[in-house]
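This briefing covers how aromatic rings pair up within a protein chain. Please look at the structure below before reading on.

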Amino acid sequence: MTSGSTGSHRAFMGVCITLCFILVLTLYVGWTLYFNNTANRNTRIAKDQTAEQKAQDLEKLGITFQTAHTDAPASSVLPKLMAGAADIRPPTTTPPAPAPPPSPATLADSPSQPASLYPVESSVKELPMLETSDEVIQAMELLDQYWKTADWKERVPLVAHSERVAPLMRDYYGTQGASDPEPGALVSKARYQINGTEILYFSYASSRPTGSLEIAMLRGPQGKFLIDWESLTGYGEMSFQEFRTKRPHEPVLMRAYVRLFEYYNHEFSDSEKYLCIKLTSESGDNSVYAYCERGTPLAQWIERDLATTGPAGFKGYTMLISFPPNAQSNQCVNLDKVMAQRWLKLP
């Protein structure tokens with residue numbers, strides 16, 4: 001073999017090795033990019049599936065990312081609180097102006113007086129609410145768990161002030177034979193501060209007289225929001241039927257829908273002497289008429305508080321009522337005290 005042919009062979013081998021190296025390098029880079037892209041695509045798909053599942057779970061609870069917000073609802077659509085009403089103020093960064101000193105007339109009717117039979121004015125502040133926050137989602141999951149739990153004993157850990165409320169639940173479900181209202185579609189949700197206590201508020205469509213089932217949730221000992229069961233059910237120490245049957249002379253705590261009314265009969269036939277309000281049960285299937293003397297601080301407060309409800313409007317009161325001695329009927333009672341101008345009764 002000549003030297004020329006040897007050189008040509010070596011050159012050919014060098015070119016082949018170079019081409020093989022380039023081919024291997026190209027394949028390596030290509031396959032690396034392919035597998036990286038596939039892994040990234042699979043990761044994105046998994047994240048999308050997780051996000052979609054989370055969105056579906058939130059939608060089941062009445063939350064959507066499209067409607068999630070941190071701003072409070074407009075004042076024109078603010079719901080009533082626990083079937084009651086209050087002067088609801090939106091969030092503000094400007095300190096409120098100092099209140100003017102009370103007039104002698106105001107002091108004379110002040111609830112701070114020992115004989116006060118009506119509540120002080122509530123301080124209600126609207127707070128921002130992030131619907132997709134962990135605490136709101138946890139609260140709605142707890143509500144969902146509550147509706148799915150049939151045994152009231154298993155519901156006790158889900159309610160606020162459970163040690164105090166458990167005997168009330170036993171009385172409500174066991175003695176009174178009552179049941180929870182059925183919630184319809186979730187209508188609205190919000191966050192408030194009432195007299196310094198933070199609550200989460202949820203309103204559902206309902207067959208109740210007001211057309212809504214209102215639920216307040218309070219922070220429990222561990223910081224989680226728990227259900228205010230008394231205002232949810234409209235709990236009273238007696239059912240309306242039992243109250244009318246037994247006609248107790250001692251004041252009984254009751255929750256009811258309240259409005260001004262014109263019914264004067266039996267012991268309370270004098271319309272000039274008495275102010276009448278109609279009390280309707282939480283289910284709307286029972287009612288009584290309660291009276292107090294006109295001109296008293298209690299009557300004046302009621303007339304002011306119910307002045308804006310109109311002929312068919314309601315507010316929710318927590319009250320003490322009783323029958324007069326030797327009651328002439330089972331539907332005309334004494335209004336002894338208004339403990340709260342809503343079903344949510346805070347310290």
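The points below deal with ring pairs, their surroundings and one charged group. The model is predicted. It holds 20 aromatic pairs, and two of these are described here, one tilted and one stacked.

**Tyrosine 173 and tryptophan 229**
- The rings of tyrosine 173 and tryptophan 229 form a tilted pair, with 5.9 Å from centre to centre and 55 degrees between the planes.
- Tyrosine 173 belongs to helix α5 (residues 162-175) and tryptophan 229 to helix α6 (residues 229-233), so this pair ties together parts that are 56 residues apart in sequence.
- Tyrosine 173 counts as buried because its relative accessibility is 16%, which is under the 20% cut-off.
- Tryptophan 229 also counts as buried, at 1% relative accessibility.

**Tyrosine 263 and tyrosine 289**
- Tyrosine 263 and tyrosine 289 form a stacked pair, with centres 4.5 Å apart and planes at 25 degrees.
- This pair links distant parts of the chain: tyrosine 263 is in the loop between β7 (252-260) and β8 (274-280), while tyrosine 289 is in strand β9 (residues 287-293), 26 residues apart.
- Tyrosine 263 has 22% relative accessibility, so it counts as partly exposed.
- Tyrosine 289 is buried, with a relative accessible area of 11%.

**A cluster of rings**
- Trp152, Tyr172, Tyr173, Trp229 and Tyr235 are linked into a cluster by ring pairs.

**A charge over a ring**
- The charged end of arginine 155 sits over the ring of tyrosine 146, at 4.0 Å from the ring centre.

Terms used: Residues numbered from 1 in each chain as written. Predicted model: local features only at pLDDT ≥ 70, side-chain atom pairs only at ≥ 80, totals over all residues. Heavy atoms only, no water. Phe/Tyr/Trp six-rings, centres within 6.5 Å; stacked < 30°, edge-to-face > 60°. Helix = DSSP H or I, 4+ residues; strand = E, 2+ residues; numbered from the N terminus. Buried < 20%, exposed > 50% of the residue type's maximum accessible area, 1.4 Å probe, protein only. Lys NZ or Arg CZ within 6 Å of the ring centre and 35° of its normal.
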